[in-house]
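Trainee: I should like a close look at a single part of this model, followed outward to whatever is linked with it. Please set out the arrangement in full.

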Amino acid sequence: AGYDSANDIEEKNKIQLAADMGIIGKTWLFEPERSVTAGEAIQLLVTVMGYDELAKDKGGDILGYAAVARSIGLLDGISAELTDNLIWSDFIRMLYNLTDINIMKIYGYTTDGLRCTSVNDVTLLNEYFNIYKAEGVISANGNTAIDHGDVPDVGRIRVNQTILYAGETDAADKIGYYIKGYALKSGDTYTLLYYEAESGNRLWNIDSEDLMPSHSDWSAFRIVYEDENGRTKQLSLPSSVAVIYNGKSLFDYTADDLSPKLGDITVIDNDLDGTPEVVSVNEYKNYIVDSIDAENGIVYTKDNQKLDFDSAGYAKLLSVNNDEYLLSELSEYAVLSLEISKDGDLIKGVVSKDKRSGIINQYRKERGKNYIYLDDDKIRICSSWDDLTISDKCSIDEDSVGGRYVVYLDKNGEAAYFIEKKSGEMYAFSYGCKLAGGFEKNPGLRVFTEDGTWNEYEASDKTEVFDKTTNTIKTVKSGEVGSNINYGIIGADRKAIQ
């Protein structure tokens, strides 16, 4: 049956319109239950792109359409035969190829009968959706430029010489990268919708711990580092390399600037010629909050530093979950892991209020790194703790084993600050327990902590209790029901409270 068979379906007008527009042939059969072949999909897409007249020149059959499709790149990466049923992966690949193909417009005929055609360097996305390709190196964002050019407004980037809004993407963080993407044009402005930076760049991501600045070959133009296999590697930098330090270009840099104590560096070859064009240095420092003046944008730290956020041109704090964090939400002992540009004008940081309390069971060194075991938790000590200068700083070493501490962790979960609990009482009451019995399955403690809040903790498998009946200390297991035990909790085996 032909199109007359479609009269009883809701989409009949759309089918007729597609036929009138020439997108589908008027002689095609209406077979809604049959799969579409690769050849039929090719014919549809070639027609939509305006190349059907060329296909007719080549016979107007499936082979003619396939020949045109192949010549314009529509079939790049497609291996299906024309009679094969179309699979989703091939269809998506065709649509992707289509976004890079210029549309064809027909204006008339020459005297010898050949069609006059005009390719306007315009794709289907340009013509019908105002979407344009954005491709090139991001040379500037709202904070800096790597080419000595003008810095665009915050929220914008420069790709080659075109200014775009970054939109909802994180492209502003990819300065120095070669990107391929698409932008929506509205009036004279472009807003980036999507980009990818994986295929156009070669990257070397090197953690600060793997850098070897003491190596004899280290210089402002040679980075020496240890790879994941423990082998010494070197990267040569050209004199023209652009250096970005904590988000801002550093045109007069030294070898020391390439070696952050905490953080990492990313070396970028953005044209895949084997020579790096950009080095991005991300160095952070941990600050422990003492007090805040939120009204004036000032944070005072435990080592008597004053951090002026309001004076910075751009300042932003995030939580460890990547949510925006207000200065007014800070409290004492919060750990700020801040990346601050050399001129202090750009501040980005992560706020951590994570803390642990317990007894240090072990102090160990592993491959030059210091660790503690706080109860059963293995915690690495951040190197920033060693550099922290405060009057009442406690020592954390082998002599700390057996002591009770409150430990404040930075964004990476490393110990950034310690408070030794030498005296005092911690008040708590238990729940999930039976009087004159034993612990139920999951006993717990509700503890009034040193900062004036109630925290809940799950007890360990074994907890010491005082049996008031026999005036003895007994160890009670979770789920164990004792005989006429009237007890009070007096301590734990270092697993009880975590």
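Mentor: In this predicted model, five strands form an open antiparallel sheet in the order 23-22-21-24-25. Strands are DSSP runs of E, at least two residues long, numbered from the N terminus, and two of them pair if DSSP finds at least two bridges between them. The edges of the sheet are strand 23 (377-380) and strand 25 (415-420), each of which pairs on one side only. Further in, strand 21 (residues 355-366) is joined antiparallel to strand 24 (residues 404-409) by five bridges. Within strand 24, Y405 is the residue that stands opposite G358.

Residues are numbered from 1 along each chain as its sequence is written, and side-chain values use heavy atoms, without hydrogens or water. Local features need pLDDT of at least 70 and side-chain atom pairs 80 or more, whereas totals for chains, interfaces and linings use all residues.

The charged pairs come next. The structure holds 18 salt bridges, each a side-chain nitrogen of Lys or Arg within 4 Å of a carboxyl oxygen of Asp or Glu. One of them links D354 to R356, with the closest N and O atoms 2.5 Å apart. D354 is partly exposed because its relative accessibility is 33%; buried means under 20%, exposed over 50%, and partly exposed in between (1.4 Å probe, protein chains only). R356 is likewise classed as partly exposed, at 31%. In addition, E209, R380 and E414 belong to one network, joined through salt bridges that share partners.

A further salt bridge, between D345 and K248, has its closest N and O atoms 3.6 Å apart. D345 lies in the loop between strand 19 (335-340) and strand 20 (346-352), while K248 lies in strand 12, so this pair ties together parts that are 97 residues apart in sequence. The relative accessible area of D345 is 31%, which means that D345 is partly exposed. K248, by contrast, is buried because its value is 16%.

Strand 12 leads to a second open sheet, also of five strands, whose order is 8-13-14-11-12 and whose pairing is mixed. Strand 12 (248-249) is one edge of that sheet and strand 8 (202-207) is the other, each pairing on one side only. Strand 8 runs antiparallel to strand 13 (residues 263-269), and six bridges join the two. Here W204 faces V267 of strand 13, the two residues standing opposite each other.

Note on methods. Helices (H or I, at least four residues) and strands (E, at least two) are DSSP runs, numbered from the N terminus.
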